Amino acid sequence: MLLSSPETEFSIRAAFNQGRLAHALNKMSRKVIELFYDVVSPYSWLGFEVLCRYRNVWNIDLKLRPAFLGGVMHASGNKPPAMVPNKGLYMMKDLKRLASYMNVPLQHPSDPFEVMFKKGSLSAMRFITAVAEKEKDSDRLLENVSREVWKRIWSTDQDICEPASLSEAGLKAGLSSSEVEEVINLAKSEPIKNKLKQTTQEAINYEAFGFPLIICHVDGKPQMFFGSDRFELMAHCIGEKWLGPQPNKPTSNL
Ligand SMILES: N[C@@H](CCC(=O)N[C@@H](CS)C(=O)NCC(=O)O)C(=O)O
């Protein structure tokens, strides 16, 4: 049993409220960064991992915004870079060295054309949107599920279209089997289809033409960055320090 006088209780409550106030003030002072991504985009995976690592390094509030790259390409009149054969070849080499530099286990699927252009990511992005809607209060599951789906398409060369594939990713990410079933059904619903369209439209409203699209809200103004290779400039613009793609890795003294 806790023995406490009214004075002690008052000071405990005051300390508790001060802590909550400090937490709320800290949250308010954080710069909001929105990351619009689609799991069909390998560069988005790189950007996603780097920003997740900086969550506790920079004074930021990272908002994950799953969206549909196909819709952005269509609305902006752009085409996926791999449609130009030489760009496609360059991308494959570039991604290989970036995977090592950024320490992300990214590997090409055996048939990138089939994976990116024939099968696409619509069902996967609806599934991920459903996770985001179900877990509105925390981004953790959204982060884990997105990563597991990325691993399938861009690391272990596995399908991301079939419900069984998405279930497997959901289970690995920490959802229970009943939650996975709920999310699979939710993903087919009109509100989720509309939510994905709405988020994609928000990216288009920011003048997106590709992913990853990163919007930094500084002093109430959104600044747009395209790509996972803009972090140094982004850090400068938001008044933070760029410590490389692995900010928590101790630097070698060689
Ligand atoms: N230089 C960027 C390239 C990002 C990129 O090529 N993203 C693709 C999707 S994976 C895209 O949307 N490209 C549109 C474009 O290049 O116009 C990076 O390093 O992240």
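Modeller: Buried residues make up 43% of the 254 residues in the protein chain, and please keep in mind that this is a predicted model. The secondary structure of the chain comes to 11 helices and 4 strands.

Colleague: Let us take one residue, then: why is Ser-41 called buried?

Modeller: Ser-41 has a relative accessible area of 5%, and the word buried is used for values under 20%, so Ser-41 is buried. As for its place in the chain, Ser-41 lies in the loop between strand S1, residues 31-37, and helix H2, residues 42-54.

Colleague: Which residues does Ser-41 touch, not counting residues up to four places away in sequence?

Modeller: With those neighbours left out, Ser-41 touches Leu-69, Trp-150, Trp-154, Phe-211 and Pro-212.

Colleague: H2 begins just after that loop, so to speak; what makes H2 and H4 roughly parallel rather than oblique?

Modeller: The axes of H2 and helix H4, residues 85-102, cross at roughly 15° and come within 11 Å. Angles under 35 degrees count as roughly parallel, and H2 and H4 are therefore roughly parallel to each other. Their crossing is left-handed, and the contact is made by Pro-42, Tyr-43, Leu-46, Val-50 and Arg-53 of H2 together with Met-91, Asp-94, Leu-95, Leu-98 and Met-102 of H4. These residues divide into 8 nonpolar, no polar and 2 charged.

Colleague: And why are H3 and H10 called oblique?

Modeller: The axes of helix H3, residues 69-76, and helix H10, residues 190-205, come within 9 Å and cross at roughly 40°. Roughly parallel would need an angle under 35 degrees, and roughly perpendicular one of 65 to 115, so H3 and H10 are oblique to each other. The crossing of H3 and H10 is right-handed, with Gly-71, Val-72 and Ala-75 in H3 meeting Thr-200, Ala-203 and Ile-204 in H10. By class, this contact has 4 nonpolar, 2 polar and no charged residues.

Colleague: Which residues touch the most other members of the largest nonpolar core?

Modeller: That core has 71 residues, and Ile-128, Val-149 and Ile-214 touch the most other members. The largest share of the core, 8 residues, comes from H2. Ile-214, when residues up to four places away in sequence are not counted, touches a list of residues including Ile-33, Leu-35, Leu-51, Phe-225, Phe-231 and Met-234.

Colleague: How do you know that contacts link residues 24 or more positions apart?

Modeller: Among the contacts in the protein chain with a separation of 6 or more, residues 24 or more positions apart account for 72%.

Methods:
Residues are numbered from 1 along each chain as its sequence is written. This is a predicted model: local features need pLDDT of at least 70, side-chain atom pairs count only at pLDDT 80 or more; totals for chains, interfaces and linings use all residues. Side-chain values use heavy atoms; hydrogens and water are left out. Helices (H or I, at least four residues) and strands (E, at least two) are DSSP runs, numbered from the N terminus. Buried means under 20% relative accessible area, exposed over 50%, partly exposed in between (1.4 Å probe, protein chains only). Contact means heavy atoms within 4.5 Å. Axes are lines fitted to C-alpha atoms, for helices over the stretch in contact, and angles run from 0 to 180 degrees between N-to-C directions. Angles under 35 degrees count as roughly parallel, over 145 as roughly antiparallel, 65 to 115 as roughly perpendicular and the rest as oblique. A crossing is left-handed if the near helix is turned anticlockwise from the far one by less than a right angle, and right-handed if clockwise. Ala, Val, Leu, Ile, Met, Phe, Trp, Tyr, Cys and Pro count as nonpolar, Asp, Glu, Lys and Arg as charged, and the others, Gly among them, as polar. A nonpolar core is a set of buried Ala, Val, Leu, Ile, Met, Phe, Trp, Tyr and Cys residues joined through side-chain atoms within 4.5 Å.
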